[in-house]
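Visitor: I am new to this structure and would like to be led through it step by step. Could you begin with a contact between side chains, and then go on to the core and the empty spaces?

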Amino acid sequence: MPANAAAPPRAGLVLVALITVAGVANLNLSVANVALPSIGRAFDSSQTTLDLIAVGYSLGLAASVLYLGAIGDRYGRKLLLLLGMVLSIPACLLAAYAPSDGVLFVARVLGGVSAGMAYPTTLALITALWSGPGRTRSIALWSSIGGGIASLGPLAAGALLQSFWWGSVFLITLPLAVLALLLAYFTVPAHVNETSEPVDNLGGILSVVLVGATIVAINFAPVPSKGALALGGAAVALAALAGFVIRQRRARNPLYDLHVAGRRVFWVAACAGIIVFGALMGSAFVSQQYLQNVLGYSTFEAGAAFLPAVVLMVLVAPQSARLIETRGSRFTLLIGYVFLLLAFGWMLLLWNEGSSYWQVGVAYVFIGTGVGFAGTPASHSLTGSVPVQRAGMASGTADLQRDLGGAVMQSVFGALLSAGYATAFAATVAASPERQQVSTSMENQLTKSFSSAADAAQQYPQYANQIVAAAKASFLDGADWAYTAGITAIVVGAVIVFFLFPRKPAEERLLAQYHAEDTPVGADPGTAGYTRSG
């Protein structure tokens, strides 16, 4: 493709291929949520184990995405994309036929690593192949259709669970992976604006340890017997963070250019996106369990309930792209944050044991609208503020928005849900006039997870109504803890964007300044390997 071209040859087919590849990762991210109650019953899993299964794919993807993005920039983005699609096939099969919840968690992490090979490449190639308003529109489609595909995961998974075993949900992506592999092989161009600089392998390893240890520490923090593991994970994460920063400051070819990352348009957009996509995935994680455990929805009904969010994400994203061009990224991000705040406030105040579907659906409308508005500027601002040879860094950060944001928010929500549920149920047992009849082992089973309490209700049918009622009330208490954390994160993100993200004229001046800094002296700006995003 000529350096000054605004789009590649066969642009439509190339974009379809890249969105399909991203769709494999997006779909895999979401299919586990609706199956968690079924998995919990099959393996008698604790709530913490279910949290880890839910977050495993995001963990593998978030931990590997920066390192693998840099490898793609150096050795070939198309090659890494194809390898990722190939590896995703055995990862799906291992998850589907896992003999234990531990093996299932490992399979989910492996699937996330396969996505780490392919997913960052998709946005990096959009950044390298498109420029100007065409890039903005392409990113909007990539973001909205990707979010829509992810949100369709619960619906497809719920339909399968009506007739098949829990593992069937992990086979959904197999046909899509084969299609993506063929499309990418025949349509995606190779070696576009890639770098010849060596990869910072030490920095890559430190980034993997940093993200992995952080997620493990968050997930085990509320588990009474796992305090040492949580503290150890936190200590490893802090040490890895210190080592990573020192390495990036000293490395001749850093994995993550801290100078570029320090640009205001870049780092504020990165923080904003982590909260936006974390809110989407965190809300799906809690709400799918709420619909099945508390409201008694079937797996299919719970998946179908999320459809308003899917529709709104796809419909709003093109409006978001136009709004960026006319009002700027800051304005568009803030509109999205308003809708996300409405969603979590609605869930906190109006989701209870007797909620009708309209109360559920309105929250999903708010979520879809919020992500539809905020998702595009969060990704667009990252790719617009880096030289195209650093597209892997920008796309890796955009992927981290989704994956690290999703992993952290799901982990935080899961930890709070577990802690809130256990605390509330323990208080119920303590206040019961029959508390002397509840053994320590039975109390541990009741406070372990909702599915464990449901098993106990089947074992003691004379107390079934009381156990189920207490489990539902305890789940709602834990969910309220999670919704409150979501509101806090959204408010913090909105404050950061409002005060620190530049308005449109200042944003355009900063992007022009970055362009000038990244263009070598004497080079033609049109062929300097940097393309502005409009």
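**A guided conversation**

Guide: In this predicted model, the side chains of R247 and D200 meet in a salt bridge, with 2.8 Å from N to O.

Visitor: How many residues apart in sequence are the parts that the pair of R247 and D200 ties together?
Guide: R247 belongs to helix α8, whereas D200 sits in the loop between α6 (173-187) and α7. The pair therefore ties together parts whose separation in sequence is 47 residues.

Visitor: Is D200 buried or exposed?
Guide: The cut-off for a buried residue is a relative accessible area under 20%. R247, at 30%, is partly exposed. Its partner D200 has a relative accessibility of 4%, so D200 counts as buried.

Visitor: In which helix do K504 and E508 both lie?
Guide: The structure holds 2 salt bridges, and K504 forms one with E508, where the closest N and O atoms are 2.4 Å apart. E508 is partly exposed, with a relative accessible area of 36%. The two residues are 4 residues apart, about one turn of the helix, and that helix is α19 (residues 504-518).

Visitor: Which helix gives the largest share of the largest nonpolar core?
Guide: The largest nonpolar core has 120 residues, and those with the most contacts inside it are F170, Y290, L291, W351 and Y364. Its largest share amounts to 16 residues, and these come from helix α10 (residues 264-293).

Visitor: How many residues has the other core, which lies apart from the largest one?
Guide: V14, L81, M85 and A118 are among the residues of this other core. It lies apart from the largest nonpolar core, and its count of residues is 30.

Visitor: Which residues does Y290 touch, leaving out those up to four places away in sequence?
Guide: Y290 is one of the residues with the most contacts inside the largest nonpolar core, and so is W351. With residues up to four places away in sequence not counted, Y290 touches L295, W351, N352, S355, V360, F475 and L476.

Visitor: Which element gives the most residues to the lining of the largest pocket?
Guide: About 910 Å³ of space lies in the largest pocket, and 30 residues line it, with L210, L241, I274, L400 and L404 nearest its centre. Two or more lining residues come from each of α2 (47-75), α7 (201-220), α8 (227-250), α9 (258-261), α10 and α15 (391-431). With 7 residues, the element that gives the most is α15.

Visitor: How many residues in the lining of the largest pocket are charged?
Guide: The lining of the largest pocket divides into three groups, of which the nonpolar one has 25 residues and the polar one 4. The number of charged residues in this lining is 1.

Visitor: Which helices each supply at least two residues of the lining of the second largest cavity?
Guide: A search of the whole structure finds 5 cavities of 30 Å³ or more, and the second largest holds about 70 Å³ of space. Its lining includes N28, Y57, S88, R108 and F170, and it divides into 6 nonpolar, 4 polar and 1 charged. At least two lining residues are supplied by each of α3 (77-96) and α4 (101-129).

Visitor: How many Å apart in space are V311 and A456?
Guide: V311 has its place in helix α12 (residues 307-327), and at 44% relative accessibility it counts as partly exposed. V311 and A456 are 145 residues apart in sequence, and from C-alpha to C-alpha their separation in space is 39 Å.

Notes
Residues numbered from 1 in each chain as written. Predicted model: local features only at pLDDT ≥ 70, side-chain atom pairs only at ≥ 80, totals over all residues. Heavy atoms only, no water. Core = buried A, V, L, I, M, F, W, Y, C linked by side-chain atoms within 4.5 Å. Buried < 20%, exposed > 50% of the residue type's maximum accessible area, 1.4 Å probe, protein only. Contact = heavy atoms within 4.5 Å. 1 Å grid on protein atoms, 1.4 Å probe; cavity = no way out; pocket = protein on both sides within 12 Å on 5 of 7 lines; lining within 4 Å. Points joined across faces, edges and corners; volume = space filled by probe spheres on them. Nonpolar A, V, L, I, M, F, W, Y, C, P; charged D, E, K, R; others polar. Salt bridge = Lys/Arg side-chain N within 4 Å of Asp/Glu carboxyl O.
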